[in-house]
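Here is a short tour of a protein model, written for someone who likes to look at side chains up close. Keep the viewer open and follow along.

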Amino acid sequence: MSASAIFVLDLKGKVLICRNYKGDVDMSEIDHFMPLLMQHEEEGLLCPVMSHGNVHFMWIKHSNLYLVATTNKNSNASLVYAFLYKLVEVFTEYFKELEEESIQDNFVVVYELLDELMDFGFPQTTDSKILQEYITQEGAKLEVAKSKVPTTVTNAVSWRSEGIKYKKNEVFIDVIESINVLVNANGSVMSSDIVGSIKLKTMLSGMPELRLGLNDRVLFGLTGRDKGKTVMMEDVKFHQCVRLSRFESDRTISFIPPDGESELMSYRINTHVKPLIWIESVIEKFSHSRVEIMVKGGKEFLMRAHFGLPSVENEEAESKPPITVKFEIPYFTVSGIQVRYMKIIEKSGYQALPWVRYITQSGDYQLRTNV
C-alpha cells in the first residue's frame with residue numbers, strides 16, 4: 001500500500017494544500033504532525049517516519065515547506081519518499097522555485113498536479129514534460145486542455161509524445177563525474193569515491209530506439225572480451241525509459257528517450273582516488289591578534305592572507321576547518337568510463353549524430369589542515 005493523503009505545510013505546520021486520495025485517514029490527523037516533530041527535535045530523536053496512534057507520517061523538508069504523506073497501512077516507505085522528492089522536482093519545474101509563495105500563487109495548478117501525479121495513493125504520471133502538455137500555468141488553457149488527454153498518459157511510452165519532428169536529428173551525451181575525497185593533515189586519503197551521471201539532450205524525430213554501449217566490466221566479462229580499461233559501476237540507477245530486463249540479461253542499455261533534457265542514469269564507483277588537486281596550507285599564529293594563512297596549490301597558485309583579530313585569549317582548543325576545493329576538468333573522467341557507441345534506430349531510417357562530452361568536477365573535496 002502507498003499514501004492515503006498528501007499535505008504541504010508551512011514552517012508553522014499550517015496546511016497550505018492537501019489531497020485526500022483514499023479517505024481511510026482522518027484529515028485532522030495532520031494537526032499532530034508539528035507537535036510530534038517538535039517533540040522529536042527536543043529529544044534529539046528526529047526520524048523521517050513518525051506515528052500518532054495507527055497513523056504514520058512520512059515527511060521531507062524543502063525550503064520553507066514540509067511535504068507530508070499519511071497512511072495507516074504498512075506502506076512501501078521507499079516508494080512514498082521517492083514520490084515526495086518527485087513532487088518537489090515537478091513543482092520546481094513548474095514554478096522555478098518551490099516555496100510557500102509559489103504554492104499560494106499557483107493553488108489551482110498545484111491541485112491539478114496532485115490529481116494527476118497520484119491516483120488512489122499510487123504514483124501515476126510523474127514526468128513534468130508530459131504533465132506540461134495538458135496542465136499549464138494559464139487558467140484559460142487549463143480548461144481547454146481538460147477535454148483531451150494526451151495519448152502519452154495511457155501510452156506504454158508515457159515519457160515521450162508522439163509526432164515529434166526535428167529538421168536536424170542529434171543526441172548530446174554528457175558524462176559527468178564528481179569526486180568525493182577526504183585527505184587528512186598528513187596527506188593520506190581517508191575516503192574517496194566517484195559519483196557519476198549520464199545526461200542526454202535528445203533532439204530526435206519520431207519514436208527512436210537508442211542503444212548505449214559503455215566500457216562496462218560486467219559486459220566485457222559476459223562477452224569474454226577484456227580489452228583496454230573497464231569500469232565496475234555500483235548503485236546504478238536508470239531513468240524509467242531504460243529496459244531493465246534487457247540490461248539485467250546482457251547489460252545492454254536500450255531505451256526510447258524522453259524529448260529534450262533528461263538524466264539517463266547515475267552510478268557510483270567505490271575506488272581509491274588519487275587527489276587531482278593538491279593543496280598545502282600553513283597557519284601561523286604571531287600573537288593573540290594576528291594570524292597568517294598560506295595556501296599553496298601545486299606550482300601555480302599561492303595565497304597568503306593576514307587577519308587582524310580582536311586581542312582575546314581563549315583557552316579552548318581551536319577548530320581546524322578543512323580546505324574545500326572546487327574545480328571542473330573538461331574532456332576527462334577520472335574513472336575512465338567511455339561511451340563506446342550510441343546506436344539510433346528509427347523506422348524512417350534517418351541519420352542522426354551523437355555528440356559526447358566528458359566532465360570531471362569536485363564533489364565533497366576536502367583537505368584537512370595541520371595547525
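How many aromatic pairs does the count come to? The model is a predicted one, and in it the count comes to eight aromatic pairs.

**Aromatic rings**

Let us start with Trp59 and Tyr66. Their ring centres lie 5.9 Å apart with the planes at 65°, so this pair is edge-to-face; planes have to be over 60 degrees apart for that label. Is Trp59 buried or exposed? Trp59 has a relative accessible area of 12%, so this residue is buried. Tyr66, with a relative accessible area of 7%, is buried as well.

A second pair to look at is Phe238 with Phe247. Here the ring centres are 4.7 Å apart and the planes stand at 70°, so this pair too is edge-to-face. Phe238 and Phe247 are both buried.

Which residues do ring pairs link into a cluster with Trp59 and Tyr66? The other members are Phe33 and Phe57.

**Charges over rings**

Rings also come together with lysines in this model, as the table shows.

| Charged residue | Ring | Distance from charged end to ring centre |
|---|---|---|
| Lys22 | Phe120 | 5.5 Å |
| Lys343 | Tyr341 | 5.2 Å |

In each row, the charged end of the lysine sits over the ring.

**A three-stranded sheet**

Now turn to the strands. One open sheet is built from three of them in the order β12-β10-β19, and the pairing is antiparallel. At the edges are β12 (253–255) and β19 (339–345), each of which pairs on one side only. On average, neighbouring strands of this sheet are turned by 15° against each other, direction ignored.

How many bridges join β10 and β12? Strand β10, residues 209–214, pairs with β12 over three bridges in the antiparallel sense. If you would like a spot to zoom in on, try Leu212, whose bridge partner in β12 is Ile253.

**A histidine in a helix**

Where does His40 lie? You will find His40 in helix α1, which covers residues 33–43. The relative accessible area of His40 is 18%, so this histidine is buried; the label applies under 20%. Leaving aside residues up to four places away in sequence, His40 touches Leu45, Leu46, Cys47 and Met50.

How values were computed: Residues numbered from 1 in each chain as written. Predicted model: local features only at pLDDT ≥ 70, side-chain atom pairs only at ≥ 80, totals over all residues. Heavy atoms only, no water. Pairing = 2+ DSSP bridges. Helix = DSSP H or I, 4+ residues; strand = E, 2+ residues; numbered from the N terminus. Axes fitted to C-alpha atoms, helices over the stretch in contact; angles between N-to-C directions. Phe/Tyr/Trp six-rings, centres within 6.5 Å; stacked < 30°, edge-to-face > 60°. Buried < 20%, exposed > 50% of the residue type's maximum accessible area, 1.4 Å probe, protein only. Lys NZ or Arg CZ within 6 Å of the ring centre and 35° of its normal. Contact = heavy atoms within 4.5 Å.
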